[in-house]
Amino acid sequence: MAPSVSEIVHHESPVPTNNPKKWHRVDLSNKYPPNSNLEERLEQHQPFEHVDPGSRADPTLPRLLSPNTKVKHLSPYIGTELSGIQLSQLTKEGLDELGLFVAQRKLVIFREQDFQDLPPEKQVAIAANGVSLTLEGFTQSHFGVPHLHATLPNIEGHPAYVNLLRQPGKRNINDYFIDTFLSYAFWHSDVSYEPQPPSTTFFWPLDQPTVGGDTLFLSTTEAYNRLSPEFQKRLVGLKALHSGVAQVEESRRSGGAVRKEPVEAVHPVIRVHPVTGEKSIFVNPAFTRHIVGLKKEESDALLKFLYDHIAKGADFQVRARHEPGSVIIWDNRVTNHSAVPDYGKDVRRHNLRLTPLGEVPIPAQ
């Protein structure tokens, strides 16, 4: 099991609120226009052996949580803000410690970073394919093989990015939720339909509303822990189908990019984290279609219960504020998240994401 907050952090201090950085706004955002080239084609991801970097980390985290690192926890169950340390300067060992800390805290937000100003090659090197700012000599991934999305916009020449821009006069997925549902929250785990779904995920804002437009996160580990022991037993051993078909077909119907055909995968409903050993609920309304072996009404009822349980767990949810210079990192294996489109349609919101893939999900026993 993951250690408590008191066991893993020794340098507690508040994060400064007088952040001197300002939004780069259009100047930085315009450097990375969304690319949805209809002619672009990508290969399907092939199986690979994933070794989680957290498994190599020094459990005392001396490089990540040095005396200079300022730490602010957002809740007992999920979320920590770090400042006084540059993500771009972490060594291989420091990145291993980051992997462990993100697994333990589920969500880690770095403040006052220079990461967004680095060229794409160096960002990818840190997040998904290396250990430092030197690009030569990388022969294996660090956090995992970078996911290449079938439909969402990327950066031209850099298909590992998901390039999420909402701007005046152009509709995107958030507008669909605003127009269709009473609540704008759409809890999900990214591309869970992949045979090896994402692990440690990197996300940072380029342009942001003055107020609003943040991201909500929740701990699916704590959601599992809240269930009665008897109910937990009944979930262990169940499997669910996750599908990317609807996402690809919607992009095709609307004239968007389809870089590769959709994939589906069957994953355990309760999975085990490879480093912490914690169990978590691994279903989400975006991509989970049904529980294998159950009749439709049975599957629908069970999934609805789990979705409602996750969505109503306000005490194991946090809001990650998108501040200038922030890098938001989460573990997709033990979290769900939702964008918050609570801002006007005349406001820009632009973010980039790198999504390394992890291991084949480990079923709970």
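How many bridges join strand β9 to β16, and do the two strands run parallel or antiparallel? In this predicted model, two bridges link β9, residues 270-272, to β16, and the pair runs antiparallel. One residue on each side helps to place the contact: Arg-271 sits opposite Pro-363 of β16.

Zooming out a little, β9 and β16 belong to an open sheet of three strands, ordered β10-β9-β16, and the pairing is antiparallel. The edges of that sheet are taken by β10 (279-281) and β16 (362-363), each of which pairs on one side only. That leaves β9 between β10 and β16 in the strand order.

Now for the backbone. Most residues other than glycine have a negative phi. Two residues in this model go the other way. Leu-61, which isn't a glycine, has a positive phi near 55°. Its place in the chain is the loop that runs between α2 (26-29) and β1 (70-73). With a relative accessibility of 0%, Leu-61 counts as buried, because the cut-off for that label is under 20%.

Val-191 is the other case: phi is about 35°, again positive, and again the residue is not a glycine. Val-191 is found in the loop between α5 (173-180) and β5 (200-207). Its relative accessible area comes to 2%, so Val-191 is buried as well. Put side by side, Leu-61 and Val-191 each pair a loop position with a positive phi and a buried setting.

Conventions: Residues numbered from 1 in each chain as written. Predicted model: local features only at pLDDT ≥ 70, side-chain atom pairs only at ≥ 80, totals over all residues. Heavy atoms only, no water. Pairing = 2+ DSSP bridges. Helix = DSSP H or I, 4+ residues; strand = E, 2+ residues; numbered from the N terminus. Buried < 20%, exposed > 50% of the residue type's maximum accessible area, 1.4 Å probe, protein only.
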